[in-house]
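Thanks for sharing this one with me. Below are my notes, point by point, to read with the model open beside you.

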Amino acid sequence: MSCSGIRLGVWMHVAVTWDQQRQVAEMFFNGSKRGEQSPLPGRSGYSIISSPSTYYQIGSKADTKETFHGLVRKMKVYKRLLNNSEILQEARMFKEDGMF
């Protein structure tokens, strides 16, 4: 997935969806779909595990030392896959709040 168009120091709405059935992640910037990615060949697929003891970490990769250096604000996690228009609606709500 390309992250071109991201500028340092500029706030933006970012959404990532994971389609468990298709094994595809989609990335949206400011409500616009920018790409999709399946697990890389030779690597295991991803799955969402839901249990009372599940631990999720945002901003780092389990298989590397890479971390996200920035601010995550107003994060939302859904138990279902949002469609493109729902993601655009979420992005517009942030824009109306003066977030970007």
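1. A good place to begin is Glu 36, which is partly exposed at a relative accessible area of 39%. Here buried means under 20% relative accessible area, exposed over 50%, and partly exposed in between (1.4 Å probe, protein chains only). Please keep in mind that this is a predicted model, in which local features need pLDDT of at least 70 and side-chain atom pairs count only at pLDDT 80 or more, while totals for chains, interfaces and linings use all residues. Residues are numbered from 1 along each chain as its sequence is written, and side-chain values use heavy atoms, with hydrogens and water left out.

2. Which residue does Glu 36 meet in a salt bridge? The partner is Arg 22, with a distance of 3.7 Å from N to O. Glu 36 lies in strand β3 and Arg 22 in the loop between β1 and β2, so the pair ties together parts that are 14 residues apart in sequence. A salt bridge here is a side-chain nitrogen of Lys or Arg within 4 Å of a carboxyl oxygen of Asp or Glu. Arg 22 is also partly exposed, with a relative accessible area of 44%.

3. Glu 36 and Arg 22 belong to a wider group: a network of salt bridges links them with Asp 19, Glu 26 and Lys 33. As general background, side chains of opposite charge can pair when their charged atoms come close. By the rule above, the count comes to six salt bridges.

4. Now for the overall layout. The protein chain has one helix and three strands, and from the N terminus on the elements run β-β-β-α. Helices (H or I, at least four residues) and strands (E, at least two) are DSSP runs, numbered from the N terminus.

5. The three strands form an open sheet in the order β1-β2-β3, with antiparallel pairing. Its edge strands are β1 and β3, each of which pairs on one side only. On average, neighbouring strands of this sheet are turned by 20° against each other, direction ignored. For that angle, axes are lines fitted to C-alpha atoms (for helices over the stretch in contact), and angles run from 0 to 180 degrees between N-to-C directions.

6. Have a closer look at β2 and β3, which pair in the antiparallel sense over five bridges. Two strands count as paired if DSSP finds at least two bridges between them. Phe 29 has Ser 32 in β3 as its bridge partner.

7. Two loop residues deserve a backbone check. Gln 23, in the loop between β1 (14–19) and β2 (24–29), has a positive phi of about 60° although it is not a glycine. Asn 30, in the loop between β2 and β3, likewise is not a glycine and has a positive phi of about 50°. Gln 23 is partly exposed, with a relative accessible area of 24%, and Asn 30 is partly exposed too, at 27%.

8. What does Glu 90 pair with in a salt bridge? The partner is Lys 76, and the closest N and O atoms are 2.9 Å apart. This pair links distant parts of the chain, with Lys 76 in the loop between β3 and α1 and Glu 90 in helix α1, 14 residues apart. Glu 90 counts as buried because its relative accessibility is 14%, whereas Lys 76 is partly exposed, with a relative accessible area of 45%.

9. Glu 90 has another side-chain partner, Tyr 78, in a polar contact of 3.0 Å. A polar contact is a pair of N or O atoms within 3.5 Å; within protein, one must be able to donate a hydrogen and the other to accept it, and residues adjacent in sequence count only if both atoms are side-chain atoms. Tyr 78 sits in the loop between β3 (32–37) and α1 (84–96) and is partly exposed, with a relative accessible area of 36%. Tyr 78 and Thr 17 are 61 residues apart in sequence, yet 9.5 Å apart in space, C-alpha to C-alpha.

10. One more charged pair: Glu 86 forms a salt bridge with Arg 80, the closest N and O atoms being 2.9 Å apart. Glu 86 is partly exposed at 23% relative accessibility, and Arg 80 is partly exposed at 49%.

11. To finish with the whole chain, buried residues make up 20% of its 100 residues.
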